[in-house]
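Please work through the exercises below with the sequence and the model side by side, and try each task before reading its solution.

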Amino acid sequence: MSRAEVVQSTDAAVAGIEDGSTILVGGFGLAGMPFDLIDALIRQGAKDLTIVSNNAGNGDVGLAALLAAGRVRKVLCSFPRQADSWVFDGLYREGKIELEVVPQGNLAERMRAAGAGIGAFYCPTAVGTPLAEGKEEREIDGRKYLLEYPIKGDYALIGAHVADAMGNLVYRRTARNFGPVMATAATTTIVQVDEVVAPGMLDAEAVVTPSIYVDRIVQVAARHYTVQGAR
């Protein structure tokens, strides 16, 4: 039986998230960003958070708004700076936030490893760079590799297109991005969707994330953001 619960509000969806939690946040830039869940998390008030995401926020919305609210202690991401990342950039320069840069493929694979129960794995990415500092290095078949450990989340906040009432998820194109691996790597997965349908309404072959990985679902109105220029 599914453990997923359909809740009636985003505030109910994020209730109980504790201070100091590690939260996996879906999205590739603005694509697939769970804006409504992040807004609810800001209202909820949890602080001293570690955020794992591909980016470190765009403009003043979504993840950037969470950073601006002073709720985040550390960010693990692959792409912390771009033209519209002024919130993170300012906090980092002022020493108010920690950063761990993780190559994008490693980021996905470390979360996938957490979901698959893999204790660690060797990867050649970052060998010979500053990102290799402090990591175990091993030569395998004449090539150097670094030992990488899984990234686990206490919570995952992700966006999907449609869910059924059991928690099976279908994504929309590139908005899928890190959602599937984050859902497997978190103790509690919370999902905002555009629509919730009855069980049996989704084509089983189209389901990307099965309900076993989903804990809470909330339906929200579709939102579209455009970030204007850099500061």
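The exercises that follow treat confidence, a sheet, a core and some salt bridges.

This is a predicted model, in which local features need pLDDT of at least 70 and side-chain atom pairs count only at pLDDT 80 or more, while totals for chains, interfaces and linings use all residues. Residues are numbered from 1 along each chain as its sequence is written, and side-chain values use heavy atoms, with hydrogens and water left out.

**Exercise 1.** Find the mean pLDDT of the protein chain.

*Solution.* The pLDDT is the predictor's confidence in each residue, from 0 to 100. Its mean over the protein chain is 93, and 95% of the residues reach 70 or more. Over residues 227-231, however, the pLDDT is below 50.

**Exercise 2.** Work out the strand order of the open sheet of 3 strands, and name its edge strands.

*Solution.* Strands (E, at least two residues) and helices (H or I, at least four) are DSSP runs numbered from the N terminus, and two strands pair if DSSP finds at least two bridges between them. The order is β6-β8-β7, with antiparallel pairing. The edges are β6 (121-123) and β7 (137-140), each of which pairs on one side only. Between β7 and β8 (residues 143-148) there are 4 bridges, and R138 has Y145 in β8 as its bridge partner.

**Exercise 3.** Determine which helix gives the most residues to the largest nonpolar core.

*Solution.* A nonpolar core is a set of buried Ala, Val, Leu, Ile, Met, Phe, Trp, Tyr and Cys residues joined through side-chain atoms within 4.5 Å; buried means under 20% relative accessible area, exposed over 50%, and partly exposed in between (1.4 Å probe, protein chains only). The largest core has 35 residues, and L41 is one of those that touch the most other members. Helix α2 (35-44) gives the most, with 6 residues.

**Exercise 4.** Describe the salt bridges of E98 and E148, and say whether each of these two residues is buried or partly exposed.

*Solution.* A salt bridge is a side-chain nitrogen of Lys or Arg within 4 Å of a carboxyl oxygen of Asp or Glu. E98 pairs with R73, the closest N and O atoms being 3.2 Å apart. Since E98 lies in strand β5 and R73 in strand β4, the pair ties together parts that are 25 residues apart in sequence. With 39% relative accessibility, E98 is partly exposed.

E148 forms a salt bridge with K135, at 3.0 Å between the closest N and O atoms. E148 is buried, with a relative accessible area of 1%, whereas K135 is partly exposed at 28%.

Note on methods: Contact = heavy atoms within 4.5 Å.
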